[in-house]
Amino acid sequence: MNSLQSFLAVAPVAASGAGSGARLAPSSRRARARVSACLATPPPPPPPPPTAAAAARRELSAASLAVVEDEARYLVGTYNRSRVVIDGGRGCKLYDLDGREYLDMASGIAVTALGHADPDVTATLARQSATLIHASNVQYTRPQVALAKRLVEASFADRAFFANSGTEANEAAIKFSRKFQRVAHPDTDAPPAEFLAFSNCFHGRTMGSVALTSKSQYREPFAPVMPGGTFVEYGDLHESKKVIQSGKLAAVFVEPVQGEGGIHSATQEFLQGLREACDEAGALLVFDEVQCGLGRTGYLWAHEAYGVAPDIMTLAKPLANGLPIGAVLVKEKVAAAISYGDHGTTFGGNPLVCQAALTVLDKIQKPGFLAEVSKKGENFKQLLRTKLSGNPHVKEVRGVGLIVGIELDVPAGPLVDACLDAGVIMLTAGKGNVVRLVPPLIISEKELQHAADVIRDCLPALDVATS
Ligand SMILES: Cc1ncc(COP(=O)(O)O)c(C=O)c1O
């Protein structure tokens with residue numbers, strides 16, 4: 001299917017941001033109207049008007065409709081989903097229940113770094129599930145210990161703790177930071193217990209992580225969340241230093257590259273300055289690499305590009321290529337403050353997930369893999385700048401490696417809808433005005449070229465939405 005053919009296929013509706021739950025999407029009817037109008041928009045490029053057959057192709061089959069209706073009937077309404085029932089995947093392609101094919105430029109939400117149905121991950125899961133899926137953390141298992149060793153040997157860290165998600169990894173990092181400060185300040189009942197985080201940051205949705213997540217609409221409906229969080233503009237070292245020097249902070253939480261917040265990269269000066277200020281004040285520095293870590297930037301760890309190491313790093317999304325996992329990597333001084341029983345989890349570090357993660361690391365750490373990610377990311381950004389240049393809505397194409405953002409001067413939803421109709425799955429980010437592109441790291445140059453072509457072809461959807 002070429003981009004024009006696929007533009008005419010498929011069901012509408014916006015993709016939402018990283019687990020944002022924000023109700024961004026229009027109704028399917030509105031989205032369809034928007035696409036029809038988009039097709040009637042003058043060039044460039046001039047897509048033909050929709051035919052009755054094309055309109056019919058956008059309708060859901062009875063089987064898909066049944067899923068959509070049962071979801072509406074039986075699930076808590078936390079997600080405003082696209083009206084697409086994903087039923088299978090291979091490589092960078094996804095297939096819906098009605099047989100339509102999509103190019104996956106989202107990887108779930110920056111999760112499936114090795115694409116779908118990776119044969120090595122599949123073989124690992126088959127082998128390990130026939131051997132041992134679960135054992136409690138009351139005993140040892142080989143995959144968990146092997147994964148900890150592997151992560152420690154590949155990073156700044158001395159020890160690892162395993163959880164089940166990004167928010168859980170950050171929750172553990174919050175507890176570890178507070179316990180570290182309690183042990184470091186034995187003579188007081190009120191050791192430093194506060195936290196600094198930044199504008200546009202996203203650290204998760206549990207009561208601690210959400211307290212350090214900047215968007216107030218994620219926090220306010222659930223107040224009171226964990227107290228003691230302060231937010232400063234991302235990149236404002238001067239203000240950050242003032243807060244850190246108060247001596248009240250347990251830790252500073254920062255994403256070296258912000259994903260959900262709109263694809264913003266820190267500067268070297270900012271991260272280095274935070275490092276120095278934390279060292280002076282005795283606060284810990286936590287890098288949240290849940291979205292930007294594990295090869296996404298073309299470096300195994302996003303912070304490697306800056307030459308600044310944290311005391312704690314949190315990981316999750318791609319670590320087991322889609323199986324639930326979170327990891328907290330810590331320096332020895334942090335681990336030394338944690339005693340038996342301070343923290344734990346039933347499922348964290350189970351053998352199935354850890355063995356999958358070892359397979360993911362085998363592939364991401366293969367010589368040349370990360371260099372390819374960097375090269376493809378650079379070429380893709382260049383391609384987008386060339387193909388989208390001249391469109392008045394496109395303000396900037398930015399990012400590093402294969403975490404790329406297109407900032408618009410209007411909401412990105414209509415473009416994301418139109419691309420979905422054209423068979424390319426993308427995400428929004430920022431204040432809804434950024435297209436977020438986080439494809440599987442194995443994506444080919446040809447597939448990236450196709451994505452860029454489709455995005456260019458769908459840009460008129462922005463004019464229709466604003467007219
Ligand atoms: C940087 C960052 N931290 C934490 C999280 C939360 O991860 P999870 O949804 O697995 O809890 C996310 C999710 O998007 C994220 O992007």
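Helices (H or I, at least four residues) and strands (E, at least two) are DSSP runs, numbered from the N terminus. Residues are numbered from 1 along each chain as its sequence is written. The model is predicted, so local features need pLDDT of at least 70 and side-chain atom pairs count only at pLDDT 80 or more, while totals for chains, interfaces and linings use all residues.

**View 1. Helix 15 is mostly covered.** Here you can follow residues 413–421, where 9 of 9 residues are buried (20 or more other C-beta atoms within 10 Å of the residue's own, with C-beta atoms placed from the backbone; exposed means 12 or fewer, and partly exposed is in between). Among the buried residues are Gly413, Pro414, Asp417 and Asp421. Just after helix 15, look for Gly423, which has a positive phi of about 90°.

**View 2. Helix 15 crosses helix 16 (residues 445–458).** Their axes come within 9 Å and cross at roughly 120° (axes are lines fitted to C-alpha atoms, for helices over the stretch in contact, and angles run from 0 to 180 degrees between N-to-C directions). That angle makes helix 15 oblique to helix 16 (under 35 degrees is roughly parallel, over 145 roughly antiparallel, 65 to 115 roughly perpendicular, and the rest oblique). On helix 15, Leu415, Ala418 and Cys419 meet Val454, Ile455 and Cys458 of helix 16 (contact means C-beta atoms, placed from the backbone, within 7 Å). The residues of this contact are 6 nonpolar, no polar and no charged (Ala, Val, Leu, Ile, Met, Phe, Trp, Tyr, Cys and Pro count as nonpolar, Asp, Glu, Lys and Arg as charged, and the others, Gly among them, as polar).

**View 3. Helix 10 (residues 237–244) packs with helix 11 (residues 268–281).** The angle is about 15°, and the axes are 10 Å apart. Helix 10 is therefore roughly parallel to helix 11. Leu237, Ser240, Lys241 and Ile244 of helix 10 take part in the contact, with helix 11 residues including Glu269, Phe270 and Gly273. The contact residues divide into 7 nonpolar, 2 polar and 2 charged.

**View 4. Val138 lies in the loop between helix 6 (119–129) and helix 7 (142–153).** Val138 counts as exposed because it has 6 C-beta neighbours inside 10 Å. Do find Thr346 too: its C-alpha atom is 9.5 Å from that of Val138, although the two residues are 208 residues apart along the chain.

**View 5. Residues 1–57 have pLDDT under 50.** pLDDT is the predictor's confidence in each residue, from 0 to 100. The protein averages 90, and 88% of the residues score at least 70.

Note on methods:
Two residues are in contact if their C-beta atoms, placed from the backbone, lie within 7 Å.
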